[in-house]
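Good morning, everyone, and thank you for making the time. I would like to walk you through one structure this morning, beginning with a single side chain and working outwards from there.

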Amino acid sequence: MKKAWMMLCLLMLPAASMPAASGQSYDINTLAGKVASVNGTAGLQIRFSAFIEEESLDSSAPSGPGPITPANVLSSPLDGTSILAPAVTVNQDTAGAPQNETSIAVDPNNPLRIVSGLNDYVTRTWTCSIAATPCSALGDGYSGTYFSNDGGSTWCCVSTDPSDLGTLIPGVDHLAGGIYDAGGDPAVAFDSRGHVYYAGLGFNRTTPGSTVAVNKGTFDQSGHLTWSAPTFINQTTSPSTLNDKEWIAVDSHSASPFRDRVYVTWTRFIFNAHNGAYVQSPIAFAYSTNGGATFSSPKLIAGNVLYGQGSHPTVGPDGTLYVFWDGSTRLAALDSIYMVKSSDGGATWSKPVAVSQVVDIIPAANTGFRVNSFPSADVAPDGTLYVTWASLMSDATGGLCPARTNNGCHATVLYAKSSDGGVTWTAPVAAFPTVDAQPGARRLRRDAARWQRRAQCSDAAARRHAVSGGQSLPLRAGISGSLRRGCDFAVAGVRRGTAAAGGTDYVRYPRQLYS
């Protein structure tokens, strides 16, 4: 009777929750085991975020106790060691710590006030000690920020040790007063009253434990930024669950019925507790009505699109909330870019709508580039929706690549728009058609196998430029991949880290040094 009841329960589960078992077991107590489980799932296009994959390669904190001392930083300006105007250096450390996966937001009431988030490894350059252990041996990728009050001309601040965090996010990672080995995967957004919110991850490598963390930032009268303690969302110590790839949006529209409501989405990776097999990765959601002090109970909003990753929430002028992500249903041959929406502040949700199929891009051979096909989206003042993503496209036909390969295919940034609230979508077109039409751009990925360069990132830069008319894509979107524990680089893929205010675009990107 017991066996019959268990079988009945299994039959009642959605088919998407029971992928075919590979027969292999994984140690999902560790980050590396979870990554191996996802990567070992046949037919699955999505992956963990590049940050999680990189962190999984380290079994502990830095292998050596010494601070980061770049041995291969080039010295000649001809090698890109200088930041040329109008770009400026954003990070304020001088010890060569890497920064990556940058995001940026502009205060809607003050276009000169900018906050940037990033994965910051500055703690691995600290020369302090804790109980005779060098801080650099305890340091890791942390949730970092820098801010500007003059439109990006100058940036603040320096962090030197646990008693002087500068603008590192407090309360998540060990050296910042938290409980987790590492943190990052930044997303930043302002509300209508000048507060800024930072969403990131906290997680351990060799033990279970992960969370989505949100900190609220406040500027004082002198323009100095301080961060609150984190509010943890979906905090778990279960080996069978890992939170990944969060993003944040705030309804900063003064006329919205949900003004200043804070929205957070993320991917909830689920694993079989017995053999560690990947089960599903639906998109989860929570909201706050009190400035991030507390959040609603998490809910899944992906419907039957249970194999997802890379969600991106955005809010329209009327308060409608839209969430886009890269995912698939159980029997789908390809992933698609999906969208759901809520017109009541996140209480109820529409069914998923497929914007377009996508063939997820893959890294160039013999390089450390981070790439993905995650979407980025925005809503125009008239309510028109725009979404961009990256896909592998056929060199021969210009359509979707017939297989997930860089041979005979190239990565292209695409976009589509909707004028009816996401019910229907235009056919996707190249966001940068001139670049896409150049044969050299298409060869870039195929020729990457011959690149024998090691890349190291030192300093992050920001570029400002005036917006001019006649742009083919009326959306604040950038293209990049990034170097492992290094840099964003203009190769392919949508980098969700641009912002605009007062007629100026701000683009945040790390700078590369090669050896």
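Let me begin with Asp120 and Tyr146, whose side chains are joined by a polar contact of 3.0 Å. Before I go further, please keep in mind that what you see is a predicted model. The side chain of Asp120 also makes a polar contact with the side chain of Gln99, in this case of 3.3 Å. Asp120 has its place in strand β3, which covers residues 110-120. Is this residue buried or exposed? Its relative accessible area is 1%, and because the cut-off for buried is under 20%, Asp120 counts as buried. If we leave aside the neighbours within four places in sequence, the residues in contact with Asp120 are Pro98, Gln99, Asp140, Gly141, Tyr142, Gly144, Tyr146 and Leu168.

Let me move along the chain to strand β13, residues 262-271, which is mostly covered, with nine of its ten residues buried. Which strands does β13 pair with? With strand β12, residues 241-250, β13 pairs in the antiparallel sense over eight bridges, and within that pairing Ile248 stands opposite Val264 of β13. With strand β15, residues 283-288, β13 pairs over six bridges, again in the antiparallel sense, and here Val262 has Ser288 in β15 as its bridge partner. Strand β14, residues 278-280, runs antiparallel to β13 and is joined to β13 by two bridges, with Gln280 in β14 as the bridge partner of Ile270. β13 and β14 also form a hairpin, in which six residues lie between the two strands, and in the turn Gly276 has a positive phi of about 80°.

The same region brings in a helix from earlier in the chain, namely α2, residues 31-39, where Leu31, Gly33, Lys34, Val35, Ser37 and Val38 are buried. The partners against which these buried residues of α2 pack include β12, β13 and β14, the strands I have just described, and they also include α3, residues 50-56, and β8, residues 196-203.

Next, I would like to look at an open sheet of four strands, arranged in the order β17-β18-β19-β20 with antiparallel pairing. At the edges stand β17, residues 307-315, and β20, residues 353-358, and each has a single partner strand, so that one side of each is left without a neighbour in the sheet. On average, and with direction ignored, neighbouring strands of this sheet are turned by 20° against each other. Within the sheet, strand β19, residues 335-342, pairs with β20 in the antiparallel sense over five bridges, and Ile337 finds its bridge partner in Ser356 of β20.

Further on there is another open sheet of four strands, in the order β22-β23-β24-β25, and here too the pairing is antiparallel. Its edges are held by β22, residues 376-379, and β25, residues 429-430, each of which has a single partner strand, so one side of each lacks a neighbour in the sheet. Strand β23, residues 385-394, and strand β24, residues 409-418, pair in the antiparallel sense over ten bridges, and in β24 it is Cys409 that serves as the bridge partner of Ser394.

That cysteine leads me to the last topic, which is the disulfides. How many disulfides does the structure hold? There are three, and if the bonded cysteines are counted along the chain, they follow the pattern 1-2, 3-4, 5-6. Cys409 forms a disulfide with Cys401, with the sulfur atoms 2.1 Å apart, and both Cys401 and Cys409 are buried. The torsion about the S-S bond of Cys401 and Cys409 is about 80°, so this disulfide is right-handed.

A disulfide also joins Cys128 to Cys135, at 2.0 Å from S to S. The link of Cys128 and Cys135 is left-handed, with -120° about the S-S bond, and Cys128 and Cys135 are both buried.

The remaining pair is Cys156 and Cys157, which form a disulfide with their sulfur atoms 1.3 Å apart. With 50° about the S-S bond, the link of Cys156 and Cys157 is right-handed. Cys156 counts as partly exposed because its relative accessibility is 21%, whereas Cys157, at 15%, counts as buried.

That is where I will stop, and I am happy to go back to any part of the model.

Notes. Residues are numbered from 1 along each chain as its sequence is written. This is a predicted model: local features need pLDDT of at least 70, side-chain atom pairs count only at pLDDT 80 or more; totals for chains, interfaces and linings use all residues. Side-chain values use heavy atoms; hydrogens and water are left out. Two strands pair if DSSP finds at least two bridges between them. Axes are lines fitted to C-alpha atoms, for helices over the stretch in contact, and angles run from 0 to 180 degrees between N-to-C directions. Buried means under 20% relative accessible area, exposed over 50%, partly exposed in between (1.4 Å probe, protein chains only). Contact means heavy atoms within 4.5 Å. A disulfide is a pair of cysteine sulfur atoms within 2.5 Å. A polar contact is a pair of N or O atoms within 3.5 Å; within protein, one must be able to donate a hydrogen and the other to accept it, and residues adjacent in sequence count only if both atoms are side-chain atoms.
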